[in-house]
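Biologist: I should like a close look at one part of this model, the central sheet and the helices that pack around it. Please describe it in one connected account.

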Amino acid sequence: MELLENRRYLAILERLIEAFPHWSSLEGKCVYLSGAAGMLGSLLTDAVMLRNGPLPPERRCRILAAGRNRPAAEKRFSRWRSDSAFTFLEQDVNRPLGTLPEAPDYWIHAASTTHPVAYATEPVNTILSNVMGTWNLLERAAQTPGSRFLLLSSVEVYGENRGDTETFSETYCGYLDCNTLRAGYPESKRVSEALCQAYIAEKDMDAVVIRLPRCYGPTMRWTDSKAVAQFIKKSVQGEDIVLKSAGDQRYSYAHAADAVLGILWTLTVGETGQAYNLADSRSDIRLKELAAIAAEHVGRAVVFDLPDETEKRGYSTASKALLDGKKLRALGWRAGYDIDTGLRETIDILRELGKGDEP
C-alpha cells in the first residue's frame, strides 16, 4: 500500500486542509519548496495537491518540488507526477539555482540534514545545506520582486537551557559550545536566520522564520536516526524500544501535520522579519515517557543500551528544550495532535503500510 492510499493518512491531510483558513493566499500562486521529499516537505506537497483537486486550473497552487534524488522523489510523488500543478526539479540547493519554469511567489527552504547520525557522518553537508542553501535561495528570491521567503529553523538555535527559564521564547539565547562537531547544525541554523535578516535589511526581502521542535509523523524517513523516529521504527517492527540514556531529557515535539499547518500559517500571515516557535504544551514530554508510549502501544518493553560512538557524536546535549508557542498561536495556529495520540496513530499507519517488514 502506498501512503496516499492509506485512509488514516488521507484523513490527516483532510483535517489539515480544513484547519487552514488562508488558502486563498496560495491560490493561483507558485511555491518553490526545497527538501520536498522530506518528512515535512512531502506532507506539505500532498496537502497542497489534494486541496488543488476540485479547483479550476487558474486557482490551483503550483509546486516546484526541489530535491537531489530524482528516483526517490518520483516514486514518492507518483500520484502527482502527471499533474500540471506539480513540477519536480532535481536540484542541490548548495549550488546556485538553474533556470526555473516560472518565478515563484513563495519560497520555502525545508532542505536540511535533521538527524544525529547525519550530523556526525556528514557534518560538512549539514552546515552547507543550511548556510549555502539559504544563501542560494535568498539570492534568487531577492531577484523575484514581490516574493516571500520562509526559512524552516529549529529549536536547536537556542542551545542549552541555562536553567533560568521553563520554556524558550523567541528572544532567548542559551549556551552553545561552538567548537564541537555537533555545533554544526545549530550554528548553521543561526547563520541562516541571520542571512534572512541581512537580506531583509540590505535587499528589501520579505522573509520570515519558523522554529520547529522535534517532529515525527507517517512521512518520516526510515533512515531517520532521531530518538523519536527510532522509537517509532522499533514499535512498527514489533521490537523492544531501545533507550540510549536515562531518558530524563524533556523536549517539545510536533506531529508533521501540525508542523506543516504552522509552516503554511507563518508563510501566509507571519510578520516580515519575525521568528515563530511552533509548540503545544500537550506534546512536551520526557524521552523515557515517549519511549514508554511507543512500547506500550505494541506490547513491548523499554530497554536501556549505550549509544555507539557515531551516535554519541551526533546527539544533542540539551536536557531541557521546551518551546513557548504563544507567538504563533496569536496568529491563529493550533495543534491538532497531542503526543500520545499522534505517536500511536503514526505507528499504526506505518504498520498498515508494511513498514515493519523493512530492514
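Modeller: I begin with strand β1 (residues 30–34), which runs parallel to strand β2 (residues 62–67) and is joined to β2 by 5 bridges. Within this pairing, Leu-33 has Ala-65 of β2 as its bridge partner. The model is predicted, so local features are restricted to pLDDT of at least 70 and side-chain atom pairs to pLDDT 80 or more, whereas totals for chains, interfaces and linings use all residues. Residues are numbered from 1 along each chain as its sequence is written, and side-chain values use heavy atoms, with hydrogens and water left out. Strands (E, at least two residues) and helices (H or I, at least four) are DSSP runs numbered from the N terminus, and two strands pair if DSSP finds at least two bridges between them.

Cys-30, Tyr-32 and Ser-34 point one way from β1, while Val-31 and Leu-33 point the other way. Because 5 of the 5 residues of β1 are buried, this strand is largely enclosed by the rest of the structure. Here buried means under 20% relative accessible area, exposed means over 50%, and partly exposed lies in between, with a 1.4 Å probe and protein chains only.

The wider setting of β1 is an open sheet of 7 strands in the order β3-β2-β1-β4-β5-β6-β10, with parallel pairing. Its edge strands, β3 (86–90) and β10 (275–277), each pair on one side only. From one strand to the next, the twist averages 20°.

Helix α5 (residues 123–142) packs on this sheet and touches β1, β4 (106–109) and β5 (148–154); contact means heavy atoms within 4.5 Å. The direction of α5 makes about 175° with that of β4. Axes are lines fitted to C-alpha atoms, for helices over the stretch in contact, and angles run from 0 to 180 degrees between N-to-C directions. Helix α8 (residues 256–269) also packs on the sheet, touching β4, β5, β6 (206–212) and β10, and its direction makes about 140° with that of β5.

Helix α5 also packs against helix α6 (residues 184–203), at an angle of about 15° and with the axes 8 Å apart. That angle makes α5 roughly parallel to α6; angles under 35 degrees count as roughly parallel, over 145 as roughly antiparallel, 65 to 115 as roughly perpendicular and the rest as oblique. The contact includes Thr-126, Ile-127, Trp-135 and Leu-138 of α5, and Tyr-185, Val-191, Leu-195 and Tyr-199 of α6. By class, the residues of the contact of α5 with α6 divide into 10 nonpolar, 6 polar and 3 charged. In this division Ala, Val, Leu, Ile, Met, Phe, Trp, Tyr, Cys and Pro count as nonpolar, Asp, Glu, Lys and Arg as charged, and the others, Gly among them, as polar.

The loop between α6 and β6 contains Asp-204. This residue has a phi near 55°, a positive value in a residue other than glycine. Asp-204 counts as exposed because its relative accessibility is 69%.

Another helix pair is formed by α7 (residues 227–236) and α12 (residues 339–352), whose axes come within 9 Å and cross at roughly 50°. The helices α7 and α12 are therefore oblique to each other. In their contact, Val-228, Ile-232, Ser-235 and Val-236 of α7 meet Leu-343, Thr-346, Ile-347, Leu-350 and Arg-351 of α12. The contact of α7 with α12 has 6 nonpolar, 2 polar and 1 charged residues.
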